Amino acid sequence: MDHIERFYIDEKLADIKKDGFLNYRSKELPTWCPGCGYFGITQAIAKACNALSLPNENICVVSGIGCAGRYPIFMKAYGFHTLHGRSVPIASGIKLANEDLTVFAVGGDGDMLGIGGGHLPHIARKNIDITLFLFDNMIYGLTKGQSSATTPLGQKTNSHTKGNPDSPLKPISLALAYDASFVARGFAGDLDGMQDIFMKAIRHKGFSFVHLITPCVTFDKVNTWDVMRNGYHPIHESHDVTDRIAAMRLAEDQRFFLGVFYQDEKRPSYQEYLRQIHSA
Ligand SMILES: Cc1ncc(C[n+]2csc(CCOP(=O)(O)OP(=O)(O)O)c2C)c(N)n1
Ligand code: SF4
Ligand SMILES: [Mg+2]
């Protein structure tokens, strides 16, 4: 967590500058709590954009509402802070209107899997070429610690003081079941791992679903940095990312894995498919 604390205290450190991080940071100081996992995610997205040399003016970041929803304010790119749960349809419309843009849809677990959960199967089946970053802290952070769609069963929260009675959704299994053409998971404390995944996700031609495990240090004293760091393991190099059933097996394993679960590079994106049928 050292690098994350340092980022909060002084963003102008030479090692951060060197990776091009500041090229993609706005002048706004994040309003997130010190130690929040969102700092690491922001840093890794910026580094991935820098490594891919993406022009700032060609990036559009669309968010919903929540602590994660503030993300576009802190990035040097076009941004759209929309309604709770509605980043995916708005990001889709932006991409359909201007295919040259690199479009990100960003949101928390409440935003993307609760109120906005109905959009996921449709963006996945249409395979519109955007990257979705799900900042999953397993809780509603902004509204002060209520249970979300990914809060573990039985966990005590500010809305379920005796324990959450609802089983959590499994984001990776859902994305695979919806047939998303790129499915991966990163951890907010693993900058290099996230950067690698983000670069693959952004390059992917089609819908990319990136699940990010990140702690809410203020309202969740159960799913902490240490619990997450010890609970997640890299996917073995021998895993065949084109094998969706193998990916599903990994997603349903007792252990939690990090890395790319699945990628279908043969399937055309929505706009590629439209061009194909219109030129036939
Ligand atoms: C339609 C609507 N319902 C409810 C809210 C209140 N609200 C704002 S953020 C939020 C949940 C935030 O949780 P999450 O999406 O997980 O983001 P986090 O704050 O954890 O990053 C809720 C319920 C709202 N703004 N709009
Ligand atoms: S409330 Fe939680 S999710 Fe929101 S900024 Fe603070 S630590 Fe991060
Ligand atoms: Mg949340």
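Around ligand 1 in this predicted model there are 17 residues, and Tyr-38, Cys-67, Asp-109, Gly-110 and Asp-111 are the closest of them. Helix H5, which spans residues 109-115, contributes four residues to this shell, the largest share. Sorted by class, the shell holds eight nonpolar, seven polar and two charged residues.

Oxygen atoms of the ligand come close to polar atoms of the protein at several points. In the side chain of Asp-109, an N or O atom is 2.9 Å from an oxygen atom of ligand 1. At Gly-110 a polar backbone atom is 2.9 Å from an oxygen atom of the ligand. Asn-137 takes part through its side chain, where a polar atom lies 3.0 Å from a ligand oxygen. On its own, ligand 1 would expose 590 Å², of which the protein buries 73%.

The protein also has pockets. The largest has a volume of about 490 Å³. Its lining consists of 23 residues, with Pro-168, Leu-169, Arg-185, Tyr-232 and Phe-256 nearest the centre. Helix H7 (171-177), strand S6 (208-213) and helix H9 (225-231) are the elements that give two or more residues to this lining. By class, twelve of the lining residues are nonpolar, six polar and five charged.

The second largest pocket contains about 310 Å³ of space. It is lined by 19 residues, and Asp-196, Ile-197, Leu-258, Gly-259 and Val-260 are the closest to its centre. At least two lining residues come from each of strand S5 (182-187), helix H8 (191-203), strand S7 (232-234) and strand S8 (256-263). Helix H8 gives the most, with five residues. Eight nonpolar, seven polar and four charged residues make up this lining.

Methods:
Residues are numbered from 1 along each chain as its sequence is written. Chains are lettered from A and ligands numbered from 1 in the order in which they are written. This is a predicted model: local features need pLDDT of at least 70, side-chain atom pairs count only at pLDDT 80 or more; totals for chains, interfaces and linings use all residues. Side-chain values use heavy atoms; hydrogens and water are left out. On a 1 Å grid over the protein atoms alone, a cavity is a set of points where a 1.4 Å probe fits but cannot get out, and a pocket is an open set with protein on both sides within 12 Å along at least five of seven lines; lining residues have an atom within 4 Å of a point. Grid points are joined across faces, edges and corners, and a volume is the space filled by probe spheres set on the points. Ala, Val, Leu, Ile, Met, Phe, Trp, Tyr, Cys and Pro count as nonpolar, Asp, Glu, Lys and Arg as charged, and the others, Gly among them, as polar. A residue is near a molecule or strand if one of its heavy atoms lies within 4 Å of it. A polar contact is a pair of N or O atoms within 3.5 Å; within protein, one must be able to donate a hydrogen and the other to accept it, and residues adjacent in sequence count only if both atoms are side-chain atoms. Accessible areas come from the Shrake-Rupley method with a 1.4 Å probe; for residues, only the protein chains shown count as cover.
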